[in-house]
Amino acid sequence: MATIVSGMRPTGNLHLGHLHGALKNWLRLQESYQCFFFVADWHALTTDYATPQGIQESGLEMMKDWLSVGLDPKRCVIFRQSAVKQHAELHLLLSMITPVPWLERNPTYKEQIREIVGKDLSTYGFLGYPVLQAADIVMYKAHKVPVGADQAPHLELTREIVRRFNQFYGQIFPEPEVLLTEIPKVPGLDGRKMSKSYGNAVFLTDSPKEIDRKLSRMMTDPARVRRQDPGEPEKCPAFNLHKIYCTPDEIDYVSKGCRTAGIGCLDCKKIMIKHVVEELQPFQEKRAGYDRRPGDAEDALSAGNRAAQEKAAETMEQVRSAVGL
Ligand code: TRP
Ligand code: SF4
């Protein structure tokens, strides 16, 4: 069975963007691959080193979300990166062979240095972010890594590091392939990409009332100023959610109604909101169970940590001997 590795930085509450962008894909993958999914808490430190309070707790909250959407610890190994110290050792060894210019020309690095203001990212750790990510991936000898397109440059770096490592020390690691996630566009309430930091997210834990309140105010086709103005669904951010959530008949109905000004935006959205609320209901019931018994999520995480440690210990024995240590 081929091996899959993917991680997510603990950002607190997960939202619809995470659900459709990554988690649904992970759920499918756990059926047919040996999967390792982890909380990338060390990666969170590369940007939030000055305010690390909350990283630990966010990790556990994220774990509860993962379990509640249906990631199954019997099927996949779910763990916390910082619980498997071998990642740090492998990161160190990979850093020995990684040329600094490879890291400096990484487009994600250049973009983030430019865009994230208010944090000093001129650190050694932040430059080395992709080296740590490479260690995460090759530790489990992953064949495929499911990530969004924004992570493709990091995966390319991982492959380059693997090739270099194998040239020096022998064929230890497979070259992992990127498994680009077909991400349905999940716009936030303001039409920009859904993101906690933009304040435009619908969280998986939002109550039905909260979901209704948020989505009722979501941006629509700006051309529909008044009720009698016809609109164009393809220019409407909310309609992207219809495309994810509604039946073909419903999509047909609202598209026609929009273009002819036959229905108002609120009625149109109601049809979609109902599906969002319904989809999240079973999740929220499970989630409430984990909140009542946080020990369950902690236990699942500990068991996953042990399973990951075992595999990591095996890989590192091979690596140390290949490097001559
Ligand atoms: N960099 C990834 C992100 O921001 C998170 C991540 C860390 C990751 N290590 C990984 C993803 C290994 C895939 C594989 O989304
Ligand atoms: Fe968007 Fe529906 Fe309003 Fe058209 S009617 S602009 S699709 S919310």
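**Figure 1. A buried residue with positive phi, A261, in the loop between α12 and α13.** At 16% relative accessibility, A261 counts as buried, because the cut-off for that class lies under 20% relative accessible area. In this predicted model, A261 is found in the loop that runs between α12 (248-259) and α13 (265-292). Its backbone is also shown here, since A261 has a positive phi of about 55° although it is not a glycine. Most residues other than glycine have a negative phi.

**Figure 2. K141, in the loop between α8 and β4.** This view shows a second backbone with a positive phi, that of K141, whose phi is near 50° in a residue other than glycine. K141 is found in the loop that links α8 to β4, and both α8 (129-138) and β4 (144-147) each supply at least two residues of the shell around ligand 1.

**Figure 3. The surroundings of ligand 1.** Of the 13 residues around ligand 1, those that come nearest are R9, Y129, Q133, D136 and Q151. Two of these residues approach nitrogen atoms of the ligand: a polar side-chain atom of Y129 lies 2.7 Å from a nitrogen atom of ligand 1, and a polar side-chain atom of D136 lies 2.8 Å from a nitrogen atom of ligand 1. For R9, the partner is an oxygen atom of ligand 1, which lies 3.0 Å from a polar side-chain atom of the residue. On its own, ligand 1 has 360 Å² of accessible area, of which the protein covers 92%.

**Figure 4. Elements that form the shell around ligand 1.** Three elements, β1 (3-8), α8 (129-138) and β4 (144-147), each supply at least two residues of the shell, and the largest share, four residues, comes from α8. Sorted by class, the shell has six nonpolar, five polar and two charged residues.

**Figure 5. Helix α4 and its buried side.** The twelve residues of α4 (residues 86-97) should span 16 Å at 1.5 Å a residue, and the end C-alpha atoms of the helix are 17 Å apart, which agrees. The buried residues of α4 are Q86, H87, L90, L93, L94 and I97. Because these residues cover an arc of only 130° around the axis, they lie on the same side of α4.

**Figure 6. Helix α12, with its buried side and the face turned away from it.** From its first C-alpha to its last, α12 reaches 17 Å with twelve residues, close to the 16 Å expected at 1.5 Å a residue. Its buried residues are V254, S255, G257 and C258, and they cover an arc of only 170° around the axis, which puts them on the same side of α12. The face of α12 turned away from this buried side carries the exposed residues P248, D249 and K256.

**Figure 7. Two pairs of residues separated in sequence.** M1, which lies in the segment before β1, is exposed, with a relative accessible area of 73%. Although M1 and H143 are 142 residues apart in sequence, their C-alpha atoms are 9.9 Å apart in space. The second pair includes G70, which lies in the loop between α3 (55-69) and β3 (77-80) and is partly exposed, with a relative accessible area of 26%. G70 and K214 are 144 residues apart in sequence, and from C-alpha to C-alpha they are 25 Å apart in space.

How values were computed. Residues are numbered from 1 along each chain as its sequence is written. Chains are lettered from A and ligands numbered from 1 in the order in which they are written. This is a predicted model: local features need pLDDT of at least 70, side-chain atom pairs count only at pLDDT 80 or more; totals for chains, interfaces and linings use all residues. Side-chain values use heavy atoms; hydrogens and water are left out. A residue is near a molecule or strand if one of its heavy atoms lies within 4 Å of it. A polar contact is a pair of N or O atoms within 3.5 Å; within protein, one must be able to donate a hydrogen and the other to accept it, and residues adjacent in sequence count only if both atoms are side-chain atoms. Accessible areas come from the Shrake-Rupley method with a 1.4 Å probe; for residues, only the protein chains shown count as cover. Ala, Val, Leu, Ile, Met, Phe, Trp, Tyr, Cys and Pro count as nonpolar, Asp, Glu, Lys and Arg as charged, and the others, Gly among them, as polar. The expected span of a helix is 1.5 Å times one less than its number of residues. Buried means under 20% relative accessible area, exposed over 50%, partly exposed in between (1.4 Å probe, protein chains only). The arc is that of the directions from the helix axis to the C-beta atoms.
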